[in-house]
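Hello,

Here is the structure I promised to pass on to you. My notes on it follow below; please have it open while you read.

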Amino acid sequence: MTMKSAKPYIEENKQRFIDELIELLKIPSISADSAYKKDVILTAEAVKEQLEKAGCDTVEICETPGYPIVYGEKIIDKNLPTVLVYGHYDVQPPDPLELWTSPPFEPVVKETELHPEGAIFARGSCDDKGQMYMHVKALEYMTKTDQLPCNVKFMIEGEEEVGSVSLGWFIERNREKLANDVILISDTGMISKETPSITTGLRGLSYVEVEVTGPNRDLHSGLYGGAVANPINVLTKMIASLHDENNHITIPGFYDDVEELSKEEREKMAEAPFSLEDYKAALDIDDVYGEKGYSTNERNSIRPTLDVNGIWGGYIGEGAKTVIASKAFAKISMRLVPDQNWEKITELFKNHFESIAPKGVRVKVKPHHGGTAYVTPIDSLGYKAAEKAYEETFGKTPIPQRSGGSIPIVALFEKELKSKTILMGFGLDSDAIHSPNEHFGIWNYLKGIETIPQFYHFFTEMSK
Ligand code: BES
Ligand code: MN
Ligand code: MN
């Protein structure tokens with residue numbers, strides 16, 4: 001058996017594939033903002049309907065303590081392998097709204113330099129509705145042309161962007177239902193349209209919020225300024241001290257368990273095509289910045305980091321107000337690498353941050369969520385099948401590449417379901433995920449739909 005190229009089918013149905021995705025993108029499924037609860041649930045229903053249309057035998061909306069999980073399956077033969085597709089239908093908040101060139105939930109196709117065929121501009125177009133929907137359309141192709149070579153299960157969640165809080169709960173209760181031979185996810189990127197790559201690593205995460213309290217009320221900054229601790233001054237000083245002059249993180253014990261790559265592994269990494277000049281130009285920066293002793297690609301994939309994601313306090317309205325705020329806040333994320341335990345890191349952060357607080361303020365550290373890093377071997381059946389799939393549709397062997405992003409559920413899948421995950425991402429760095437003007441190239445979208453069936457084919461063949 002072979003898997004016929006999906007190209008003719010895609011060509012014939014291209015406009016419909018785009019239109020359907022656009023409909024899905026119109027629903028603002030912002031999981032972080034409870035004002036959008038109805039829309040998040042509506043999106044789950046829309047995904048269910050599309051999975052049914054694409055050929056799943058059963059699709060259900062599974063309730064969880066949080067947002068529902070859409071589960072669908074098509075089991076053709078218990079003796080054949082089973083692919084479990086994971087994706088998420090929730091999206092990041094779109095703000096700052098004023099920086100969007102078109103409204104985030106009114107999708108439009110626009111041409112860009114990298115996407116002369118057009119790209120769909122909308123929140124979630126790439127992360128992850130567009131990439132998730134490639135799998136729905138790939139299933140449609142395989143069922144409508146009678147070529148589905150194995151069993152398939154879909155598990156599409158609605159809380160990924162807020163830490164997949166209910167997914168552990170769901171997996172524990174549905175181990176049998178979710179049993180599979182490989183997990184397939186498109187929620188990452190690739191190097192470029194000319195250089196396909198398969199993501200082999202994800203970073204872990206520890207996310208905390210800190211609160212610094214000084215006096216019991218906001219004070220006149222003239223009457224009290226200089227005589228009491230200013231929580232904003234103190235907080236920024238404390239944050240600044242978390243990195244030393246080499247941009248190493250100063251939290252004691254932070255690097256204790258960090259996996260160090262061998263010289264060979266680092267050399268291999270450095271072979272991936274990368275232009276520092278293009279990187280800087282794309283971001284409009286005159287230089288990069290980061291941990292001493294590591295390249296840009298190492299800094300954003302194999303090294304742990306600490307970043308302030310948001311900081312607030314005091315007066316930020318129009319004009320000037322002379323005030324010493326009672327409180328200052330920040331949200332801080334730490335990206336972690338293999339062998340770092342996120343709960344331990346959260347604890348180390350908490351202890352350290354509390355210990356560096358000067359007298360005159362009180363500090364609270366509130367952990368949000370976390371996740372474990374993931375690295376997948378490149379000699380597994382799944383990886384080999386993915387490699388062949390890309391060779392078939394790109395005419396090139398994909399490059400294995402570790403990413404800096406996090407999908408905490410991937411490590412949990414391995415622990416709980418004992419299966420390997422293959423990350424076949426089709427996004428580009430320039431797609432602006434989580435940023436204003438997120439978009440997904442139509443070429444990338446269709447290439448994904450073309451490549452996924454080949455994975456099913458090779459995975460089934462190689463499993464024999
Ligand atoms: N799809 C991204 C993760 C991603 C993007 C990984 C590109 C690799 C390449 C995912 O939706 C995401 O944004 N994850 C969050 C973590 C989550 C716990 C909020 C992240 O990485 O910030
Ligand atoms: Mn995502
Ligand atoms: Mn995301």
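A word on naming: helices (H or I, at least four residues) and strands (E, at least two) are DSSP runs, numbered from the N terminus. This is a predicted model, in which local features need pLDDT of at least 70 and side-chain atom pairs count only at pLDDT 80 or more, while totals for chains, interfaces and linings use all residues. Residues are numbered from 1 along each chain as its sequence is written, chains are lettered from A and ligands numbered from 1 in the order in which they are written, and side-chain values use heavy atoms, with hydrogens and water left out.

Let me begin with the backbone. Most residues other than glycine have a negative phi, and most peptide bonds are trans. Pro-96 sits in the loop between strand 3 (82-88) and strand 4, and the peptide bond that leads to it from Asp-95 is cis, with omega near 5 degrees. A cis bond also joins Asp-127 to Asp-128, with omega near -5 degrees; Asp-128 belongs to the loop between strand 5 and helix 3.

Two non-glycine residues have a positive phi: Asp-146, at about 55 degrees, and His-434, at about 70 degrees. Asp-146 is in the loop between helix 3 and strand 6 (151-157), and His-434 is in the loop between strand 17 and strand 18. For burial I use relative accessible area (buried under 20%, exposed over 50%, partly exposed in between; 1.4 Å probe, protein chains only). With 72%, Asp-146 is exposed, whereas His-434, at 39%, is partly exposed.

Next, the salt bridges (a side-chain nitrogen of Lys or Arg within 4 Å of a carboxyl oxygen of Asp or Glu). The whole structure has 28 of them. Arg-123 and Glu-438 form one, at 2.8 Å from N to O. This pair links distant parts of the chain, 315 residues apart: Arg-123 is in the loop between strand 5 (119-121) and helix 3 (129-144), and Glu-438 in the loop between strand 17 (421-423) and strand 18 (439-441). Both partners are buried. Glu-291 and Arg-303 also meet in a salt bridge, again with 2.8 Å from N to O, and both of these residues are buried too. Salt bridges with shared partners join Arg-16, Glu-20, Lys-137 and Glu-140 into one network.

Helix 6 (residues 231-240) is worth turning in your viewer. Its residues Pro-231, Val-234, Leu-235, Met-238 and Ile-239 are buried. They cover an arc of only 130 degrees around the axis, which puts them on the same side of helix 6; the arc is that of the directions from the helix axis to the C-beta atoms. Lys-237 and Ala-240, on the other side, are exposed.

Finally, the second largest pocket (on a 1 Å grid over the protein atoms alone, an open set of points where a 1.4 Å probe fits, with protein on both sides within 12 Å along at least five of seven lines; lining residues have an atom within 4 Å of a point). Its lining has 18 residues, with Trp-342, Gly-370, Gly-371, Thr-372 and Leu-412 nearest the centre. Helix 12 gives the most to this lining, with five residues. Domain 1 (7-202 + 374-462) and domain 2 (204-258 + 304-371) both contribute lining residues, so the pocket lies between them; the domain bounds come from an automatic or database domain assignment.

Best wishes
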